[in-house]
Amino acid sequence: MENIPDGYSYVPQPIRKDGAGWVDKGPRDIMRDLENPDMLVPPKTDAGLVPNLKFSFSDTHMVLKNGGWSREVTARDLPIATTLAGVNMSLTPGGVRELHWHQQAEWSYMLLGHARITAVDQNGRNFIADVGPGDLWYFPPGIPHSIQGLEDGCEFLLVFDDGHFSDLSTFSISDWFAHTPKDVLSANFGVPMSAFNHIPKEQVYIFQDKVPGPIDTQKVQSPYGTVPQTFKHRLLAQTPIKTPGGSVRIVDSTNFPISKNIAAALVEIKPGAMRELHWHPNNDEWQYYLQGQGRMTVFAANGVARTFDYRAGDVGYVPFANGHYIQNTGTETLWFLEMFKSDRFQDVSLNQWMALTPTELVQSNLNIGPELLNVLRKEKWPVVEYPGFSYYPR
């Protein structure tokens, strides 16, 4: 019998129930194998070559600053992810992501805690708001803004509409000041050069400050008014689409008008349920797993498919129009975000497509009978669960 290392009650082996495979007695990362059972023992239906569609924020470089930290998953880490990139950031109470702007649009989901965000648009109209768990914000490309942690600090996910984006190469006010001659700064602002004797010598990025006072004490009146479209959206306050097995909240330019470049869905999958077989006809899908664990199989056409396992803190990716589904493989509810470089959320349901196609055509195409044909749904259920036909952990 194989010796089981201390701390492990079970060592998985790359052996399928039909006898395919053999034991792995060599050097291995057992913890990794336990977290990725469908990569160690792929379903028999997996075939062909699909690029890696998973990367964990736990495997990224952490940038630590007085005032908080950040880490990012971009195309450098997950090469297939060319449309979107993500940054996970946390700020202490009073910690500040300094005044800055990007060439890319910024979409964010508040994971925990509270923050204050500010922005000014190209017409001098300003914006200030406090955000909490489940809230979103969106800043169009080029719009200057800031983020500051409130009394309880905060952690959030930032998503940018360019897979090659890096948060460490944004346009920061401290960086620009540090690389502008003081006589130019003096001429620009009409003050002596001595006024700039203590400016930072390099980009600050994140710094520690005191917790700001109530929002009413922070407001600055602009002669041009406030921004005409809010940069904030309360996603968790939005009424969800509920179906057996879970729920979906969709946010795009139809209900968050400023969000022109990024659309998203917050998906809840209860134990035993799954995100139905579907695909997206408008762009690639970038995922962030918030809670629980699940597995996703992606069908890439021409007999090619691959299965991946995901946990909280992982990033998943689905290339444009590839068919896929996501099962909850844990004992708690699975929550994740689907995001797209698009102004609209769009998906095509396999079940609905079949239900709205002539029955005889579907029957002859798949050689199926009334047992399936009679239960096809004309209404879309993004999340499904059928008692007696669901996956539950063994």
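Which side chain meets Glu-276 in a salt bridge? I will come to that pair straight away, and then to some others. Keep in mind that this is a predicted model.

The partner is Arg-377, with N and O 3.5 Å apart. These two residues link distant parts of the chain, 101 residues apart. Glu-276 sits in strand 16, residues 274–279. Arg-377 sits in the loop between helix 8, residues 370–373, and strand 24, residues 383–384. Now for accessibility. Glu-276 has a relative accessible area of 4%, and because buried means under 20%, it counts as buried. Arg-377 is buried as well, at 9%.

There is also a network to mention. Arg-275, Glu-338, Asp-347 and Lys-380 are joined into one network by salt bridges that share partners.

Next, a pair elsewhere in the chain. Arg-32 and Asp-59 form a salt bridge, and their closest N and O atoms are 2.8 Å apart. Arg-32 belongs to helix 1, residues 30–35, while Asp-59 is in the loop between strand 1, 54–56, and strand 2, 63–65, so the salt bridge ties together parts that are 27 residues apart in sequence. Are these two residues buried or partly exposed? Arg-32 is partly exposed, at 37% relative accessibility. Asp-59 is partly exposed too, with a relative accessible area of 40%.

One more pair: Arg-76 with Glu-72, where the closest N and O atoms of the salt bridge are 3.5 Å apart. Glu-72 counts as buried, at 17% relative accessibility.

To put these pairs in context, the structure holds 16 salt bridges. As background, side chains of opposite charge can pair when their charged atoms come close.

Conventions: Residues numbered from 1 in each chain as written. Predicted model: local features only at pLDDT ≥ 70, side-chain atom pairs only at ≥ 80, totals over all residues. Heavy atoms only, no water. Salt bridge = Lys/Arg side-chain N within 4 Å of Asp/Glu carboxyl O. Helix = DSSP H or I, 4+ residues; strand = E, 2+ residues; numbered from the N terminus. Buried < 20%, exposed > 50% of the residue type's maximum accessible area, 1.4 Å probe, protein only.
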